[in-house]
Amino acid sequence: MESIQQTLSVLLVLALLGGTLWWLRRKGMAHFAFKTAGVGKRKSIQVLERTALTPQHSLHLVKLEDRTMLIAASPGGCSILSERVENR
């Protein structure tokens with residue numbers, strides 16, 4: 001009898017959580033995006049090229065949406081050396 005009461009209590013709590021989630025999604029307050037491999041929008045950042053200058057220094061050519069940047073990476077940090085905005 002006690003295990004039935006515990007099971008019903010757990011089911012009630014799960015039902016309340018599910019109902020709350022449904023209500024929040026219906027009102028637009030909760031959004032969930034499940035990511036699947038190969039499906040969805042295009043990546044907004046792409047590494048076009050990487051060149052190692054020394055074991056600890058490198059140059060990265062990165063495209064971020066409509067901008068292409070040349071970034072220098074070192075143990076002391078990163079610096080944007082050049083940036084170009086593409087006109088659409």
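**Notes on a helix and a four-stranded sheet**

1. Let's start with the sheet: its 4 strands form an open arrangement in the order β1-β2-β3-β4, with antiparallel pairing. At the edges lie β1 (45-54) and β4 (77-85), each of which pairs on one side only. On average, neighbouring strands of this sheet are turned by 15 degrees against each other, direction ignored. Please keep in mind throughout that this is a predicted model.

2. A closer look at one pairing may be useful. Strand β3 (residues 67-74) pairs with β4 in the antiparallel sense over 8 bridges. Leu-70, for instance, has Ser-82 in β4 as its bridge partner.

3. On the overall layout, the secondary structure consists of 1 helix and 4 strands, and along the sequence the pattern reads α-β-β-β-β. Among contacts between residues at least 6 apart in sequence, 0% join residues at least 24 apart.

4. Now to the helix and its surface. Ile-4, Leu-8, Val-10, Leu-11, Val-13, Leu-14 and Leu-17 make a nonpolar surface patch of about 680 Å². One of these residues, Val-10, sits in helix α1 (residues 2-27). Val-10 counts as partly exposed because its relative accessibility is 48%, and the partly exposed class lies between the 20% and 50% limits.

5. Finally, some totals for the protein. Of its 88 residues, 9% count as buried. The protein exposes about 8000 Å², and carbon and sulfur atoms supply 60% of that area. I would read the nonpolar patch of about 680 Å² alongside these totals.

Technical notes: Residues numbered from 1 in each chain as written. Predicted model: local features only at pLDDT ≥ 70, side-chain atom pairs only at ≥ 80, totals over all residues. Heavy atoms only, no water. Patch = residues over 30% accessible without salt bridge, like charges linked within 9 Å, V, L, I, M, F, W, Y side chains within 5 Å. Areas by Shrake-Rupley, 256 points an atom, 1.4 Å probe, with all protein chains shown as cover. Salt bridge = Lys/Arg side-chain N within 4 Å of Asp/Glu carboxyl O. Helix = DSSP H or I, 4+ residues; strand = E, 2+ residues; numbered from the N terminus. Buried < 20%, exposed > 50% of the residue type's maximum accessible area, 1.4 Å probe, protein only. Pairing = 2+ DSSP bridges. Axes fitted to C-alpha atoms, helices over the stretch in contact; angles between N-to-C directions. Contact = heavy atoms within 4.5 Å.
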